[in-house]
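Trainee: Could you zoom in on one part of this model with me and then work outwards from there? I'd like the cut-offs spelled out as you go.

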Amino acid sequence: FFVDVVVETQVVGWMQSPLGSQSGSPLACFPLTRPAKMCRPGARPLNWFAVNVTWLPPADAAAQRGGRIRGFQQRVVGYRVRYRAVNLNDEPVGDAIEPSDTWPSDTQQGIVKWLKGGLTYVFEVSAFNDAGEGDWSDPSEPLLMPFGRESVDVDTWTFRRPRLPPLDASKTRNLKATTCHDTLQIATRDQQEYNPVCLSQSATGIELSWKAPCHRGAPIISYDIIYSTDQAFTESRELHVDGRESKVLVEGLEPNTTYFFKHRARNEQGVSKWSPPSHGIATLALRPEKPLPPRHTQDSCAPSEMTIKWDAPESHGIPIQYYRVKAGLTKAMHDCIETTVDGHLDTQLQCGSKTRGNHATSPAACGTMSPSGRKAAFTSTLNSLTQLRVKGLRANTEYFFAVKAVNQIGESPWSDASHGRRTKVSVPERCGPPALVEGTWRGGMRLRWASPDSFGLPITAYDVRVSRTATMSSAALQSGVEVVAVDSGDVDAFAQDCWPPGVDHYYQVRAWNEVGCSEWSRVSSPMQVYLQPPEAPEPPTRLAAKPTGIVVAWEPAYSPGTPVTGYRLRYASSSWMEKPIEATELEDLSRQRVVEDLSPDKYYYFQVAALNSAGCSAWSRVSAALTVQQSPPNKMGPPTVIGKTSTSVTVGFAKPADQLIRSFRVRYASSVGRLQSMNTDGYKTVYDACAEGTLCVGLPPGK
């Protein structure tokens, strides 16, 4: 059989006996538990955004003796601090903020930064070990932070609440403290009697002052001052001051840096001991320095994009919160466009709409993704990333860029403008959807669209395609499209090969330049050719002739989209249709008509027009000359002699009843045979003869 056994153990400490030997059995057993609740901390401002928080270890005997039971785990591993803002009634405002920093067990103070000047804060502290975290202490006295960039004397700054008068150390040196807080205050006053007092006056200097110690009969020759950014003074710098002075301005310091100071006096007999370290005092923070001009990267971008990079300027230890970038078309940056790079992936700022000509389109800024791909795109030093891809630029256009940095203190000056760089050449922009101007089945569609921006390159051609569906399925590329530019900047085109009225047309267009072709435009709205009158018919022809009339006929006219509803007919005696007469009472769809009451001695010309619901067509071409039926008159009776001369004979004749006779002719010869001969030389003819008497001359006498 195999048995699993679980053994629960408890970590205990073995107390050493008073004789120094360790007995075989424990004298006392101490389980490792969470640290006790600490007393309320103290807090003093270092400047307008940093506070020095001090505390005492928790009320634990082992911790008071050094924080460790010999040979066993530490009772205190470290400390945490949190703070929150309070209102005028000392009521908390918002949630407590706990910095990520922790402090080791051998320190009793810590610096909390990035508070806001003018707000009131309270601070709490707790200890932790391997068993867990202790309870948070009671809040400190409310501390009103100085307003921005005020000089702060940490020994004279008062809390918002009225403080009690300072205790007299000589009267309280043997007084037993009732609380840890009181013990801290008394001990602090005793130690600070001769400590240097620090006053931050600038970003590179701190003024020190101190109270001269008792020289015991030998005047003080000089003071030695050492200062360091480390409270343990592992690395320090030394300064010597004349013994007659009790203050000095320490210059050449780093901005926004906390320094600790110690001093000692020197006389002929030697030097005193070093004073306890001063409270940490920070130099004033500065805004970032002026950045260098941005530079362009060589990565491949679209013609409307450009990527720029810049070096982070000196920010004196304060994280750069974001950058401001501006883009312009001139090095002087007139009418430039600004945008923010704050390090977030969703940062994208649109700045207006596109303009034509030599002006840039409005850029959009896109922050670069962080290496980890998480939300905020900041560097490991909490500085905003220094790369920007600017979108929405105009192709084939030169741009200049400038940048400035912003931290919690303020803004840096604008950098000098970068070298100009031109965006890539590009195909034309996408054309707008075509709109219908007019359209006929025979004449084609007249379309119009806005001329696209070709970014300084000439447009060489346009393509037009048409489909019967909005999805442009089976779209046909139009050939022989005549493109005409109009004054308004729009483009007119005449597309042939249209479908009849009643059929939808959907069009798309695209433009070409030397780089290539643009995208097809958006699909146009459905458009149809207009309903129009019929086309002009062919000229009428004579179907039959009558003695006083003509029967004319014509071919049917073409009427796309709607049927022919009737015809019109007119005629005139001249080919130029002077004073035409229109025939009436035409049957609706009849394509022939008898025109009566015409003269047999005239030629007549005819035209026809077709009608439909859209109107009347144009008149047809003029017909050929047409006449009525022409039949000869009946044979007349013989003429009679009315008179004679030696060389002439006057004859007369009776007119027939035919009213259509236009004229008479008389012919005569010397014999009947010659008169009836087909040879015109055998007889003579008198034209336009008169029935009342026609003179026949040239007759030889006696015949």
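Mentor: Let's start with one pair of residues: V466 sits opposite Y507 in β33. Before going on, bear in mind that this is a predicted model, where local features need pLDDT of at least 70, side-chain atom pairs count only at pLDDT 80 or more, and totals for chains, interfaces and linings use all residues. Numbering runs from 1 along each chain as its sequence is written, and side-chain values use heavy atoms, with hydrogens and water left out.

Back to that pair. Strand β29 (residues 461–467) is joined to β33 by seven bridges, and the two run antiparallel. On the bookkeeping side, strands (E, at least two residues) and helices (H or I, at least four) are DSSP runs numbered from the N terminus, and two strands pair if DSSP finds at least two bridges between them. In general, strands of a sheet pair through backbone hydrogen bonds, either parallel or antiparallel. Here we have an open sheet of three strands in the order β30-β29-β33, and its pairing is antiparallel. The edges are β30 (476–477) and β33 (506–512); each has a single partner strand, so one side of each is left without a neighbour in the sheet.

Now for another open sheet, with three strands in the order β41-β42-β45 and antiparallel pairing. Its edge strands are β41 (640–644) and β45 (694–696), each pairing on one side only. On average, neighbouring strands here are turned by 35° against each other, direction ignored; the axes are lines fitted to C-alpha atoms (for helices, over the stretch in contact), with angles running from 0 to 180 degrees between N-to-C directions. β41 connects to β42 by a hairpin through four residues. Four bridges hold β41 against β42 (residues 649–652), running antiparallel, and G643 has T650 of β42 as its bridge partner. β41 is hardly covered: among its five residues, the count of buried ones is zero. Buried means under 20% relative accessible area, exposed means over 50%, and partly exposed is in between (1.4 Å probe, protein chains only).

Go back along the chain to the loop between β40 (615–616) and β41, and you find S617. S617 counts as buried because its relative accessibility is 6%. Skipping residues up to four places away in sequence, S617 touches P533, P534, E535, A536, P537, A609 and A610, where contact means heavy atoms within 4.5 Å.

For a contrast in cover, take V271 in strand β16 (residues 270–271). V271 is classed as partly exposed because its relative accessibility is 38%. Apart from neighbours within four places in sequence, V271 is in contact with D224, R264, A265 and R266. V271 and Y223 are 48 residues apart in sequence, and 8.9 Å separates them in space, C-alpha to C-alpha.

There is also a hairpin to look at towards the start of the numbering, joining β1 to β2 through five residues. Four bridges link β1 (residues 42–45) with β2 (residues 51–54), again antiparallel, and P45 faces V51 in β2.

Zooming all the way out, the protein has four helices and 45 strands. Of its 703 residues, 40% are buried. Among contacts between residues at least 6 apart in sequence, 64% join residues at least 24 apart. The accessible surface comes to about 39900 Å², with 51% of it belonging to carbon and sulfur atoms; areas come from the Shrake-Rupley method with a 1.4 Å probe, and for residues only the protein chains shown count as cover.
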